[in-house]
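Dear colleague,

I am handing over the structure we spoke about, and you will find the sequence and the coordinates just below. After them I have set out what was found, element by element, so that you can follow along in your viewer.

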Amino acid sequence: MTAAVGVVFSPGGKVYSFDPGVLELAWNERVICQTSRGQEYGRVVKPNHELEVGPESPLKRVVRRATELDRETHEANGLEARRAMAVFREVLRDQGVVLKPVSAELVFDGSRFVFSYEAEERPDVGRLQSELRRRLHRRIELRSVGPRECARLCGDHGLCGDQHCCRRFPSHEKPITLRMAKDQDLPMSSGRITGLCGRLRCCLAFEHPLYRSFRDRAPRVGRQVETPRGVGVVTGYSVLDDACTVDFEGGAAAELPIDECREVA
């Protein structure tokens with residue numbers, strides 16, 4: 001078994017496994033990790049655990065817990081990245097390059113800027129990269145992102161009024177499908193099941209296991225059930241309360257926990 005911790009480097013980003021060494025790390029601790037881009041400032045989202053399947057290659061190490069100086073460096077990098085984003089937009093206007101600037105990031109060690117953009121076609125970014133390097137005096141990395149990643153990097157609040165799921169929670173590995181919406185009895189109109197990115201909402205994937213578990217245990221609508229109040233017919237569900245609505249003879253109805261409702265064969 002391989003010891004590991006799960007770390008993310010941006011809100012809602014992919015969870016990466018690192019070797020914690022002798023460190024016992026708790027959820028939400030800040031750490032400095034050795035990555036392919038050098039040392040990075042990250043947040044622990046999965047404390048020390050054993051990997052069920054061994055990694056194909058040795059895990060990179062958690063260098064240390066982040067210090068107050070590391071936190072200040074991370075915040076200073078964020079401010080410099082925002083200034084670099086203004087330069088990015090200015091260079092785009094000057095060169096007439098048609099693409100949508102999404103975000104700018106200065107890596108922890110200050111060696112390079114990483115600019116994300118969205119574009120319908122594949123623009124020639126060679127001159128753009130050279131001009132950014134000349135103005136910012138650092139190595140420049142340009143990466144194209146899709147609509148879902150664009151929403152994660154620069155999004156704020158969704159149609160539900162809460163902060164985007166893609167920024168609040170670590171990214172999910174499974175694809176989001178229409179079956180998830182159908183299992184939750186949601187209307188199939190695009191405005192109800194798609195987010196601001198134009199793709200199926202991330203919350204469908206996060207909530208689907210709860211609805212799937214409920215469906216596997218609950219008696220089906222229209223079936224007779226035996227309950228502590230007598231025999232009745234299931235007419236509806238209340239998934240979040242783990243209950244179903246049962247109509248009894250005489251017009252009485254009650255909402256009962258599904259564990260108290262046994263389907264009559």
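In strand 13, Arg262 is the bridge partner of Glu226, and the model in which this pairing appears is a predicted one. Strand 13 covers residues 262–263 and pairs with strand 9 in the antiparallel sense, over two bridges. Glu226 also stands opposite Val231, which belongs to strand 10; strand 10 comprises residues 230–238 and is joined to strand 9 by four bridges, with the two strands running antiparallel. The connection from strand 9 to strand 10 is a hairpin that passes through two residues.

The side chains of strand 9, residues 224–227, alternate along its length: Val225 and Thr227 point to one face and are buried, whereas Gln224 and Glu226 point to the other face and are not buried. This follows a general pattern, in that the side chains of a regular strand alternate between the two faces of the sheet.

Turning to the N-terminal part of the chain, there is an open sheet of five strands, arranged in the order 2-1-4-3-5 and paired antiparallel. Its edges are formed by strand 2 (16–18) and strand 5 (62–65), each of which pairs on one side only, and from one strand to the next the twist averages 45°. Helix 1 packs on this sheet and touches strand 3, strand 4 (38–51) and strand 5, its direction making about 120° with that of strand 4.

Within that sheet, strand 1 (residues 2–8) is mostly covered, since five of its seven residues are buried. Strand 1 is joined to strand 4 by six bridges, the two running antiparallel, and here Ala3 stands opposite Glu50 of strand 4. Three bridges join strand 1 to strand 2, again in an antiparallel arrangement, with Val5 opposite Phe18 of strand 2. Strand 3, which spans residues 30–35, runs antiparallel to strand 5 and is joined to it by three bridges; in strand 5, Val62 is the bridge partner of Cys33.

There is also an open sheet of three strands, in the order 6-7-8, in which the pairing is mixed. Strand 6 (100–106) and strand 8 (139–144) stand at its edges with a single partner strand each, so one side of each is left without a neighbour in the sheet. The twist in this sheet averages 20° from one strand to the next. Strand 6 pairs with strand 7 (residues 112–118) in the antiparallel sense over six bridges, and Ala104 stands opposite Phe115 of strand 7.

Helix 1, residues 68–95, packs on this three-stranded sheet as well, touching strand 6, strand 7 and strand 8, and its direction makes about 145° with that of strand 6. Helix 2 (residues 126–136) packs on the sheet too, in touch with strand 7 and strand 8, and its direction makes about 140° with that of strand 8. The buried residues of helix 3 are Cys150, Ala151 and Arg152, and what covers them includes strand 6, strand 7 and helix 4.

For your purposes the pockets may be of interest. The second largest pocket holds about 490 Å³ of space and is lined by 24 residues, of which Cys160, Cys165, Arg201, Cys202 and Cys203 lie nearest its centre. By character, the lining divides into 13 nonpolar, five polar and six charged residues. Helix 3 (147–154), helix 4 (165–168) and helix 7 (202–217) each supply at least two residues of this lining, and helix 7 gives the most, with five residues.

One of the residues nearest the centre of that pocket, Cys165, lies in helix 4. Is Cys165 buried or exposed? Cys165 counts as buried because its relative accessibility is 19%, and the cut-off for buried is under 20%. Leaving aside neighbours within four places in sequence, Cys165 is in contact with Cys202, Cys203 and Phe206. By way of contrast, Ala253 is 88 residues from Cys165 along the chain, and the C-alpha atoms of the two are separated by 36 Å.

With best regards

Terms used: Residues are numbered from 1 along each chain as its sequence is written. This is a predicted model: local features need pLDDT of at least 70, side-chain atom pairs count only at pLDDT 80 or more; totals for chains, interfaces and linings use all residues. Side-chain values use heavy atoms; hydrogens and water are left out. Two strands pair if DSSP finds at least two bridges between them. Axes are lines fitted to C-alpha atoms, for helices over the stretch in contact, and angles run from 0 to 180 degrees between N-to-C directions. Contact means heavy atoms within 4.5 Å. On a 1 Å grid over the protein atoms alone, a cavity is a set of points where a 1.4 Å probe fits but cannot get out, and a pocket is an open set with protein on both sides within 12 Å along at least five of seven lines; lining residues have an atom within 4 Å of a point. Grid points are joined across faces, edges and corners, and a volume is the space filled by probe spheres set on the points. Ala, Val, Leu, Ile, Met, Phe, Trp, Tyr, Cys and Pro count as nonpolar, Asp, Glu, Lys and Arg as charged, and the others, Gly among them, as polar. Buried means under 20% relative accessible area, exposed over 50%, partly exposed in between (1.4 Å probe, protein chains only).
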